Amino acid sequence: MSTKSPDSASSVGRSDPFEDTLRRLREAFHAGRTRPAEFRAAQLRGLGRFLQDHKQQLQEALAQDLHKSAFESDISEIIQCQNEVDLALKNLPAWMKDEPASTNLLTKLGSAFIRKEPFGVALIIAPWNYPVNLTLMPLVGALAAGNCVVLKPSEMSKGTEKVLSELLPQYLDQSCFAMVLGGPQETGQLLEHKFDYIFFTGSPRVGKIVMAAAAKHLTPITLELGGKNPCYVDDDCDPQTVANRVAWFRYFNTGQTCVAPDYVLCSPEMQGRLLPALQSSITRFYGDDPKTSPNLGRIINHKHFQRLQELLRCGRVAIGGQSDESQLYIAPTVLVDVQETEPVMQEEIFGPILPLVTVRGLDEAIDFINQREKPLALYAFSNSNQVVNQVLDRTSSGSFGGNEGFIYLTLPSLPLGGVGSSGMGRYHGKFSFDTFSHQRACLLSYSGLEKFNEIRYPPYSPWNQQLINWALGSQSCTLL
């Protein structure tokens, strides 16, 4: 079921447009409909069938929204989601199983365990840059954990929003799932309601708005945000190898990736070696005229195109710089002579522009990174493991790639999540299930055997005190 918020004229005198939908979901949750493993698995299988049945429509929508090739749509969106579904289906019984916990002498006769239970009605607000992946990946975790879900796809990726809203609800139980459409006004109205969990992917600016709304209801939240992801390139490395890897990850999806390298830190000498290598990589990947390449996407809309056009004025264009607003095209671009105070170094670029910033060495690069907000991702390239490990040990980021880009996103064994202003919480694989699950501490004790409990009741004799102290000290335990 898809819900559209009515315009202000038609909603005068009417009740809240989301009220009935949320009531329906909450009633289904309180009835226990989503809790059985069989129901959760059925929803996951439905999601998997949706991905299989409508692969072509999704590819066409992604081509419409972002000019993505069918292959890049598969590897970065559809296959990732299908793998997530398959992993959850395979491991759901193990993930749901109560987790035994250790006891001390005072609780030895009882049974201590952690139960993974759903929060209730979860809200997922998705972005436009990977509109299938970043909408459905968290949905897998929410469904596997047994929640009812309100899904809000991005209105900016219109083609994908249309496919999701018209087709996905047919594959999921309508008593436990709803899709809401609209822009910032509708999202703001939706956030006035109380949810049991909110999962948001987007910019830090909007993340603060979502977090403020969640705080009004003390709703737990995951924020998958972004920021400026540094990439340190050491003098001791092969510039062409680095250029190949950095260029692919920077210009993939036209740079509209939250974990893409946002700028390069290197010595002036390495910059001189890296520039021709980057030009070689760009030509190899996208041809002499990248505008005609089927492997280079487009900017999402005119607003973002114009924002990026302003960033092209920063520093000096060393490679690329061409653009065509009628096609929302910006060439893969490298900037040099960039000042720290310029806009391109003050905001997340989110486009096919890569500034090179010169530093005197490793220590200055690390200081440069640590003087700024903690990034969602951080990369270091060097033939020296010691250099890579120094960057890893002396910085903080949501994720880290040594001599590699964001290919780690294909590993469900690793979490995706930020730290500080780049976000809070994590997901992917079992981490998604855990994110959408409340870990309930449980202790079941016998109703009888009261004689064993009498030592803990007042008045406390010296013998009782000594015995209780000994029992508590036999294992680590804290009383609050």
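Biologist: How do you know, in this predicted model, that the lining of the second largest cavity divides into 6 nonpolar, 1 polar and 1 charged residue?

Modeller: The lining consists of Leu134, Thr201, Glu224, Leu225, Cys258, Leu376, Leu416 and Tyr427. Leu, Cys and Tyr count as nonpolar and Glu as charged, and Thr falls among the others, so Glu224 is the charged residue and Thr201 the polar one. The space that these residues line has a volume of about 40 Å³.

Biologist: What makes that space one of the cavities in the count?

Modeller: The count takes in cavities of 30 Å³ or more and comes to 4. With a volume of about 40 Å³, the second largest cavity meets that limit, and so does the largest, at about 60 Å³.

Biologist: Which helix gives the most to the lining of the largest cavity, and how do you know?

Modeller: That helix is α2, residues 37-53, which contributes 3 residues. The lining includes Phe39, Arg40 and Gln43, whose numbers fall in that range, while Leu143, Gly146, Asn147, Asp173, Cys176 and Phe177 are among the other lining residues. By class, the lining has 4 nonpolar, 4 polar and 2 charged residues, and Arg40 and Asp173 are the charged ones, because Arg and Asp both count as charged.

Biologist: Why are α2 and α5 called roughly antiparallel?

Modeller: The axes of α2 and helix α5, residues 133-144, cross at roughly 160° and come within 8 Å. Angles over 145 degrees count as roughly antiparallel, and the pair therefore earns that description. In this contact, Arg40, Gln43, Leu44, Leu47, Phe50 and Leu51 of α2 meet Leu136, Leu139, Val140, Leu143 and Ala144 of α5. These residues divide into 9 nonpolar, 1 polar and 1 charged. Arg40, Gln43 and Leu143, which belong to this contact, also line the largest cavity.

Biologist: How do you know that strand β3 pairs with β19?

Modeller: Pairing needs at least two bridges, and 8 bridges join β3, residues 111-118, to β19, so the condition is met. The two strands run antiparallel, and Ala112 stands opposite Leu443 in β19.

Biologist: What makes β2 and β19 the edge strands?

Modeller: Each of them, β2 at 99-100 and β19 at 437-444, pairs on one side only. The 3 strands form an open sheet in the order β2-β3-β19, with antiparallel pairing, and β3 thus stands between the two edge strands in this order.

Notes. Residues are numbered from 1 along each chain as its sequence is written. This is a predicted model: local features need pLDDT of at least 70, side-chain atom pairs count only at pLDDT 80 or more; totals for chains, interfaces and linings use all residues. Side-chain values use heavy atoms; hydrogens and water are left out. On a 1 Å grid over the protein atoms alone, a cavity is a set of points where a 1.4 Å probe fits but cannot get out, and a pocket is an open set with protein on both sides within 12 Å along at least five of seven lines; lining residues have an atom within 4 Å of a point. Grid points are joined across faces, edges and corners, and a volume is the space filled by probe spheres set on the points. Helices (H or I, at least four residues) and strands (E, at least two) are DSSP runs, numbered from the N terminus. Axes are lines fitted to C-alpha atoms, for helices over the stretch in contact, and angles run from 0 to 180 degrees between N-to-C directions. Angles under 35 degrees count as roughly parallel, over 145 as roughly antiparallel, 65 to 115 as roughly perpendicular and the rest as oblique. Contact means heavy atoms within 4.5 Å.
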